[in-house]
Amino acid sequence: MAFIIEPDGQNGGGAGGGEGGQSRRPDCRAGSKTLAVCGMTYGQSKAGNDKIDVCWIVIEDPDGGHDVGALVFDTFTLTQRAAWKLQQVSGALGQKASWDVEDQDATWKVLSQSPVKAAVKMEPKWNGDGEKPAIERYSRSSTKISKELDKLIEDAERWYVAWQKKKQGGGSDSGRSSRSAPFGDSDIPF
């Protein structure tokens, strides 16, 4: 089988290309974004506190849509001192009732009930090699999920579960999404 590079990039090859003609996921830049949750994993922080690592996908970017499909990660530490952050995101999601944040199903239902707006800033990576997006604050979004956006979110959810399995060495299903059927070890599909 020949590996052909098309200079105009139609095959997704070269810099930024993925397997099977799929294009590379865009990077998220600073600014206002509309996000939908596509995965979450419970774990422990370095300080020994329970935490939730949440993966959001950009579904709307007012800056010409360039960041749609990009991923942004955020961590919610489950301590009284850090509860403000989960309170902020739950308010942005329109959550009215209290819920047990240690209940993974209940937390997934809260986080996945609607999109949120997020103010994204760039901050240095932990190893000092470049920058990564970080969420400064969450607010309410009026974005409705179309069939096209639902497909984008579904693909991201499947990628997240497969990525978590790959990180765990093919072990247990520690990542959470509403659609838990991973599609294998392919490249990021969006």
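Setting aside neighbours within four places in sequence, Ile52 is in contact with Met40, Thr41, Tyr42, Asp74, Thr75, Phe76, Leu78, Val101 and Thr107. The model in which these contacts appear is predicted. Ile52 belongs to strand β2, and the residue counts as buried because its relative accessible area is 0%, where the cut-off is under 20%. A further link across the sequence involves Gln104: Ile52 and Gln104 are 52 residues apart along the chain, yet their C-alpha atoms lie 9.4 Å apart in space.

The strand that carries Ile52 is a good place to start with the pairing. Strand β2 (residues 50-60) pairs with β1 in the antiparallel sense, over 10 bridges. Within this pairing, Thr41 is found opposite Asp53 of β2; Thr41 is also one of the residues in contact with Ile52. Five residues separate the strands in the hairpin of β1 and β2, and among the residues of this hairpin Gly48 adopts a positive phi near 90 degrees. Strand β1 (residues 31-44) has another antiparallel partner in strand β4 (residues 116-124), with five bridges between them. Here Ser32 has Ala119 of β4 as its bridge partner.

Attention now turns to the pockets, and a friendly reminder of the idea behind them may help. Rolling a probe the size of a water molecule over the atoms reveals where empty space remains. The largest pocket has a volume of about 950 Å³. Its lining comprises 31 residues, of which Val72, Phe73, Asp74, Lys132 and Pro133 are the closest to the pocket centre. Two or more lining residues come from each of β1, β2, β3 (71-77), β4, β5 (131-140) and α3 (147-167). By class, the lining of the largest pocket holds 15 nonpolar, five polar and 11 charged residues. Asp74, one of the residues closest to the centre of this pocket, is also listed among the contacts of Ile52.

The second largest pocket encloses about 230 Å³ of space. Its lining is made up of Thr77, Leu78, Thr79, Gln80, Ala83, Leu86, Gln87, Ser90, Trp99 and Val101. Helix α1 (residues 83-92) provides the largest share of this lining, with four residues. The lining of the second largest pocket divides into five nonpolar and five polar residues, with no charged ones. Leu78 and Val101 line this pocket, and both residues are in contact with Ile52 as well.

Key
Residues numbered from 1 in each chain as written. Predicted model: local features only at pLDDT ≥ 70, side-chain atom pairs only at ≥ 80, totals over all residues. Heavy atoms only, no water. Pairing = 2+ DSSP bridges. Buried < 20%, exposed > 50% of the residue type's maximum accessible area, 1.4 Å probe, protein only. Contact = heavy atoms within 4.5 Å. 1 Å grid on protein atoms, 1.4 Å probe; cavity = no way out; pocket = protein on both sides within 12 Å on 5 of 7 lines; lining within 4 Å. Points joined across faces, edges and corners; volume = space filled by probe spheres on them. Nonpolar A, V, L, I, M, F, W, Y, C, P; charged D, E, K, R; others polar.
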